[in-house]
Amino acid sequence: MNQIALLSNWIGKTFAIWALVSAVLGFVFPEFFASLAFLIVPILGIIMFGMGMTLRTEDFLEIVKRPKPVLVGLLAQFTLMPLIAYLLTMIFNLDPLIAVGVILVGCCPGGTSSNVITFLAKGDVALSVAITSISTLLAPFLTPILLNVFAGQLIDIDLASMMVTITKIVILPILLGVVFHKFLGSKIAFVTEVLPMVSVLGISIIIAAVVAVSKATILDSGAIVFIVVALHNMLGYTLGYVIARLSGFTERQRRAIMVEVGMQNSGLGAALAATYFNPVAALPSAIFSVWHNFSGALVANIFAKRDAR
């Protein structure tokens, strides 16, 4: 079992490679991977269940112990990222479906891999987990509302239905995972050891499916979408760090907030786009899944070298 745990941990740390490989496979074999698009929502549910199994009651109490950094991180995430996404779609004059996809990513909660990147960047992991957990619990309400505010003029958005969907595929699996962990504890410890591998496999399938369905769009405007996604991510990192610094937080807290603001739950973005709009609208989420793991690893490496001086 130790070898399986080590393999799972290694796969989790090298997610950027697998994300890129899955994108290439989806592009080269579109017929096969497009047929897997129906798995996007159930796969996200499984990933969220796994996330729930890693959470502790203490993770949610962090907002009571240290409310200011948690609230600043949440506020920056749910204001800056949707606004930046909206402005970028206007500046680059994106196709409405692609624009909705970009804005949707910006309205999503913190990414599931942000905690790992925060750890590698020697940031405040407890703060990172708290922001990710609470932003995810707020997602059923804030994500549809923010999407309607920033993209309502582009496409009709069924707020109530989307709220119910996010609750079903995000909140319920997380709560179920928390309950499993609380009552079964050590009896299912082996499951948590393979969660990184399961998450990477799941997100990789989502990426491949979205890329396969969106192949024609990628050939037509993939470069522009990539530039927009990269700018969105990097601006999130930069402004997240600046706001945390201006707020007087420690260096470790700054790094955690920076990563939380810059990295979104692209799996949720892909699932919602494929369910409510068009698989093409899920393309920004797929590109973001590939890109933010590379950028996150790069950010962590920069901080590691700075600390080594």
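# Helix crossings and buried residues in a predicted model

User: What are the closest approach and crossing angle of the axes of α10 and α14 in this predicted model?

Analyst: The axes of helix α10 (residues 159-184) and helix α14 (residues 266-276) come within 11 Å. They cross at roughly 135°.

User: Why are α10 and α14 called oblique to each other?

Analyst: Over 145 degrees would count as roughly antiparallel, and 65 to 115 as roughly perpendicular. The angle here is roughly 135°. It falls in neither range, so α10 and α14 are oblique.

User: Which residues of α10 and α14 make the contact?

Analyst: From α10 come S161, M162, T165, I166, I169 and V170. From α14 come L268, A271, L272 and Y276. By class, this contact has eight nonpolar, two polar and no charged residues.

User: Why are α9 and α10 called roughly antiparallel?

Analyst: The axes of helix α9 (residues 125-151) and α10 cross at roughly 155°. Angles over 145 degrees count as roughly antiparallel, so this pair earns the term. The two axes come within 8 Å, and the crossing is right-handed.

User: What residues meet between α9 and α10?

Analyst: The α9 side includes F141, I145 and L147. The α10 side includes M162, I166 and V170. The contact residues divide into 14 nonpolar, four polar and no charged.

User: Which residues have the most contacts inside the largest nonpolar core?

Analyst: They are L147, V170, L268 and F277, in a core of 76 residues. L147 touches V100, I103, L104, C107, G152, I157, M162 and F277, leaving aside residues up to four places away in sequence. A second, separate core has 10 residues, among them Y237, Y241, A300 and F303.

User: How do you know whether M263 is buried or exposed?

Analyst: Its relative accessibility is 0%. Buried means under 20%, so M263 counts as buried. M263 lies in the loop between α13 (251-262) and α14. Beyond residues up to four places away in sequence, M263 touches Q77, P109, G110, G111, S113, S114, I117, N233, Y237, F288 and H292. M263 and S114 are 149 residues apart in sequence, yet 6.3 Å apart in space, C-alpha to C-alpha.

User: What makes K305 exposed?

Analyst: K305 has a relative accessible area of 54%. The cut-off for exposed is over 50%, so K305 passes. K305 is found in helix α15 (residues 283-308). K305 and A121 are 184 residues apart in sequence and 9.8 Å apart in space, C-alpha to C-alpha.

Key: Residues numbered from 1 in each chain as written. Predicted model: local features only at pLDDT ≥ 70, side-chain atom pairs only at ≥ 80, totals over all residues. Heavy atoms only, no water. Axes fitted to C-alpha atoms, helices over the stretch in contact; angles between N-to-C directions. Helix = DSSP H or I, 4+ residues; strand = E, 2+ residues; numbered from the N terminus. Parallel < 35°, antiparallel > 145°, perpendicular 65-115°, else oblique. Contact = heavy atoms within 4.5 Å. Nonpolar A, V, L, I, M, F, W, Y, C, P; charged D, E, K, R; others polar. Core = buried A, V, L, I, M, F, W, Y, C linked by side-chain atoms within 4.5 Å. Buried < 20%, exposed > 50% of the residue type's maximum accessible area, 1.4 Å probe, protein only. Left-handed = near helix turned anticlockwise from the far one by under 90°.
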